[in-house]
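I opened the notebook to go through this model piece by piece. My plan is to take the loops, the sheet, the rings, the charged pairs and the backbone in turn.

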Amino acid sequence: MFLHFGFVEPLPQRWLFDFARVKFDLDWKDGDESSGEVAVNFLVPPSRRGLDLLSAERTRLESFKEEYGTEETFEEHEDGVSRYEWE
């Protein structure tokens, strides 16, 4: 979700949603950015509310992509930023 929907800040990142008891770090798997794979490390076990929040957000973002964009719109440029983000 974080790589495919416009979160362009560099890794590592720490995400805290205290109201839903979701706390996790994102970093490149095995510290290797070239793999393109991200590892998630939950700092505390996520609550049911937290998991529901993340699931709902992913569904919302996928719906947004289906309604407002095509694959071409969200295709990444060589700099890693999608055409949609530049517009």
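**Loop residues and backbone**

I started with R21, which is found in the loop between β1 and β2. I note that this is a predicted model. I looked up the backbone of R21 and found phi near 55°, a positive value in a residue other than glycine. Most residues other than glycine have a negative phi. I then checked accessibility: R21 has a relative accessible area of 42%, so I logged R21 as partly exposed.

I went on to D30, which lies in the loop between β2 and β3. Phi of D30 is also a positive value, near 55°, and D30 is not a glycine. Is D30 buried or exposed? I read 75% relative accessibility, so D30 counts as exposed.

I checked the peptide bonds as well. L11 and P12 are joined by a cis peptide bond, with omega at about 5°. Most peptide bonds are trans. I placed P12 in the segment before β1.

**The sheet**

I traced the strands next. I found 3 strands in an open sheet, ordered β1-β2-β3, with antiparallel pairing. Which strands are at the edges? They are β1 (13-17) and β3 (38-42), and each pairs on one side only. I noted a twist that averages 20° from one strand to the next.

I looked closer at one pairing. Strand β2 covers residues 22-28 and pairs with β3 in the antiparallel sense. How many bridges link β2 and β3? I recorded 5 bridges. I also looked for the residue opposite F24, and F42 in β3 stands there.

**Aromatic rings**

I searched the whole structure for aromatic pairs and got 3. For W15 and F17 I read a distance of 6.1 Å between ring centres and an angle of 20° between planes. Planes under 30 degrees apart count as stacked, so I entered the W15 and F17 pair as stacked. I then asked which residues make up the aromatic cluster. W15, F17 and F19 form one cluster.

I checked W15 for burial too. W15 has a relative accessible area of 19%. The cut-off for buried is under 20%, so W15 goes down as buried.

**S47, ahead of the helix**

I moved to S47, in the loop between β3 and α1 (48-68). The relative accessible area of S47 is 15%, so S47 is buried. What does S47 touch, leaving out residues up to four places away in sequence? I found A20 and R21. I had already met R21 in the loop between β1 and β2.

**Salt bridges**

I ran the search for salt bridges over the whole structure and it returned 6. I followed up several.

One of them joins K23 and D18, with the closest N and O atoms 3.5 Å apart. I compared the accessibility classes of the partners. K23, at 28% relative accessibility, counts as partly exposed. D18, at 53%, counts as exposed.

Another salt bridge joins D52 and R48, and here the closest N and O atoms are 3.2 Å apart. How many residues apart are D52 and R48 in helix α1? They are 4 residues apart, so about one helical turn separates D52 from R48. I read 40% relative accessibility for D52, which counts as partly exposed. R48 reads 58% and counts as exposed.

I also logged E62 and R58, whose side chains meet in a salt bridge at 3.1 Å, N to O. E62 and R58 are 4 residues apart in helix α1, so they too are separated by about one helical turn. For E62 I have 33% relative accessibility, which is partly exposed. For R58 I have a relative accessible area of 46%, also partly exposed.

**Closing entry**

I reread my entries on R21 before stopping. R21 has a positive phi, is partly exposed and is touched by the buried S47. I left W15 in the notes as a buried residue that belongs to the cluster with F17 and F19.

Technical notes
Residues numbered from 1 in each chain as written. Predicted model: local features only at pLDDT ≥ 70, side-chain atom pairs only at ≥ 80, totals over all residues. Heavy atoms only, no water. Pairing = 2+ DSSP bridges. Helix = DSSP H or I, 4+ residues; strand = E, 2+ residues; numbered from the N terminus. Axes fitted to C-alpha atoms, helices over the stretch in contact; angles between N-to-C directions. Phe/Tyr/Trp six-rings, centres within 6.5 Å; stacked < 30°, edge-to-face > 60°. Buried < 20%, exposed > 50% of the residue type's maximum accessible area, 1.4 Å probe, protein only. Contact = heavy atoms within 4.5 Å. Salt bridge = Lys/Arg side-chain N within 4 Å of Asp/Glu carboxyl O.
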